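Colleague: Could you take a close look at one part of this model and then follow its contacts into the rest of the chain? Please explain each term as you use it.

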Amino acid sequence: MFFNVLFPTHLLATATLGRVSRLSTPWLVAGAAVPDIIDKPLGVSGIVDLYHTVGHSVLFLVVIIPIALYSNSGRAVAVGWGSHVALDGVHVVVNGRAIDLLSHGWPVTAPPGPPDIPSGSFFSHYLGSPSFLLEVVLWLLAGLTLLYNIRPDLDGES
Ligand SMILES: [Zn+2]
């Protein structure tokens, strides 16, 4: 099992970003979903032996950059995609597996292999990982943003 940020955390992070920016929240969230929507089926079906490939690769920028240049919605999709890839990158570094950043260069580079965790203990291992705490902080920040209705005055009016 390859560890990564929980899918709902990616969506929540971009939904929160949508509240505090001018970018479209639905398009941000859609962009944040793109890497896993592309890569999970490829990994699960066995087409590739990793769960971070095409959609998580910086080479995917050849698709993302034209989308970003097309419209404001495209720009939000691109930022959502970038936030997903960046959060996954932070995740592996925080967990002491910076070598897994090599998956972001797929197919040119690839990580050496998944961490050696006994089967069935994924969830308990995940709960003890440093990145789980990072995800808790992200959820708390999102909750505070909603609870206190934090929305910056993006128009400069007071
Ligand atoms: Zn991911």
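Modeller: T145 counts as partly exposed because it has 16 C-beta neighbours inside 10 Å. On this scale a residue is buried if 20 or more other C-beta atoms, placed from the backbone, lie within 10 Å of its own, exposed if 12 or fewer do, and partly exposed in between. The model is predicted: local features need pLDDT of at least 70 and side-chain atom pairs count only at pLDDT 80 or more, while totals for chains, interfaces and linings use all residues. Residues are numbered from 1 along each chain as its sequence is written.

T145 lies in helix α6; helices are DSSP runs of H or I with at least four residues, numbered from the N terminus. Leaving aside residues up to four places away in sequence, T145 touches T16, R19, V20 and I150. Contact here requires that the C-beta atoms of two residues, placed from the backbone, lie within 7 Å. By contrast, the C-alpha atoms of T145 and T53, 92 residues apart along the chain, are separated by 33 Å.

The contact with T16 leads to helix α1, whose buried residues are T9, H10, A13, T14, T16 and L17. Viewed down the axis of α1, these buried residues fall within an arc of 155 degrees, so they line one face of the helix; the arc is that of the directions from the helix axis to the C-beta atoms. They pack against α2 (25-44), α4 and α6 (130-147).

Helix α1 also contributes to the largest nonpolar core, to which α1, α2, α3 and α4 each supply at least two residues. Such a core is a set of buried Ala, Val, Leu, Ile, Met, Phe, Trp, Tyr and Cys residues joined through C-beta atoms within 7 Å. Among its 19 residues, L28, A76, A78 and W81 touch the most other members, and α4 gives the most to the core, with seven residues. One of these four, A78, touches G31, I64, I67 and A68, again leaving aside residues up to four places away in sequence.

Helices α3 (residues 61-70) and α4 (residues 72-94) pack at an angle of about 145 degrees, with their axes 6 Å apart. The axes are lines fitted to C-alpha atoms over the stretch in contact, and angles run from 0 to 180 degrees between N-to-C directions. I64, I67, A68, L69 and Y70 of α3 meet G74, R75, V77, A78 and W81 of α4.
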